[in-house]
Amino acid sequence: ARIALERRAHAHRTARMKSPPRPVLSRTLARDATLVVSNSKARDFSYYLTQAKALLRAHGVVKLSGVGAATQHALVVSEVLEARGEASVKHVETSTLRYDAEEEDEDAWTHGAKVEVTLEAAALVKK
């Protein structure tokens with residue numbers, strides 16, 4: 001009887017250790033899974049590649065967003081992920097932003113390029 005109780009307690013402990021099932025991925029998560037790429041001097045390219053891969057695993061969709069010099073990192077990360085077969089580019093959007101460089105003076109305003117690349121995990125694309 002004691003052995004049966006020990007087995008039941010062990011089965012109960014190991015049953016609680018199992019991870020819960022993964023939720024069904026939704027396309028609405030793309031709004032939440034946005035990776036804002038900053039200036040290329042702030043972080044190394046590999047940092048953004050690692051972060052994008054983690055977001056793809058977690059959400060299935062990731063949006064890379066970069067402004068100015070950071071557009072290069074956003075585009076390169078998306079190209080590398082697509083070339084490796086880990087993701088597929090679903091949408092690319094470019095625009096120009098007008099922002100205040102230093103002062104409130106209207107003459108100090110400058111323009112910057114902005115890019116947003118939406119990637120979908122390869123596992124979702126193949127289904």
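This section describes the fold, strand pairing, nonpolar core and selected residues of a predicted model.

The chain contains 4 helices and 4 strands, and its elements follow the order α-β-α-β-α-β-β-α from the N terminus. Of its 127 residues, 27% count as buried. The accessible surface of the chain amounts to about 9,100 Å², and carbon and sulfur atoms account for 53% of this area. When contacts between residues at least 6 apart in sequence are considered, 71% of them join residues at least 24 apart.

Strand 1 comprises residues 34-37 and strand 2 residues 61-67; the two run parallel and are joined by 4 bridges. Within this pairing, T34 lies opposite K63 of strand 2, while V37 lies opposite G66 of strand 2. In a regular strand, side chains alternate between the two faces of the sheet. Strand 1 presents L35 and V37 on a covered face, with T34 and V36 on the uncovered one. Strand 2 is largely enclosed by the rest of the structure, because 5 of its 7 residues are buried. One residue of strand 2 is S65. With a relative accessible area of 10%, S65 falls under the 20% limit and is therefore classed as buried. Apart from residues up to four places away in sequence, S65 touches T34, L35, V36 and V37, and also K114, V115 and E116. The residues T34, L35, V36 and V37 belong to strand 1, whereas K114, V115 and E116 fall within strand 4 (109-121).

The largest nonpolar core consists of 19 residues, and those with the most contacts inside it are L35, L56, L64, V77, L81 and L119. At least two residues of this core are supplied by each of strand 1, helix 2 (45-59), strand 2, helix 3 (71-83) and strand 4. Helix 2 provides the largest share, 5 residues. Leaving aside neighbours within four places in sequence, V77 is in contact with F45, Y48, L49, A52 and L64.

In helix 3, the buried residues are T71, H73, A74, V77, S78, V80 and L81. An α-helix has 3.6 residues a turn, so residues three or four places apart point the same way. The 13 residues of helix 3 should span 18 Å at 1.5 Å a residue, and the end C-alpha atoms are 18 Å apart, in agreement with that expectation. Just after helix 3, G85 adopts a positive phi of about 80 degrees.

The structure holds 1 aromatic pair. This pair is formed by Y47 and Y48, with 5.2 Å between the ring centres and 80 degrees between the planes, an edge-to-face arrangement. The two tyrosines differ in accessibility: Y47 is partly exposed at 30% relative accessibility, whereas Y48 is buried, with a relative accessible area of 2%. Y48 is also among the residues in contact with V77.

Helix 2 also includes R57. At 55% relative accessibility, R57 lies over the 50% limit and therefore counts as exposed. The C-alpha atoms of R57 and E120 are 10.0 Å apart in space, although the two residues are 63 residues apart in sequence.

Notes
Residues are numbered from 1 along each chain as its sequence is written. This is a predicted model: local features need pLDDT of at least 70, side-chain atom pairs count only at pLDDT 80 or more; totals for chains, interfaces and linings use all residues. Side-chain values use heavy atoms; hydrogens and water are left out. Rings of Phe, Tyr and Trp (its six-membered ring) pair if their centres lie within 6.5 Å; planes under 30 degrees apart count as stacked, over 60 as edge-to-face and the rest as tilted. Buried means under 20% relative accessible area, exposed over 50%, partly exposed in between (1.4 Å probe, protein chains only). Two strands pair if DSSP finds at least two bridges between them. Contact means heavy atoms within 4.5 Å. A nonpolar core is a set of buried Ala, Val, Leu, Ile, Met, Phe, Trp, Tyr and Cys residues joined through side-chain atoms within 4.5 Å. The expected span of a helix is 1.5 Å times one less than its number of residues. Accessible areas come from the Shrake-Rupley method with a 1.4 Å probe; for residues, only the protein chains shown count as cover.
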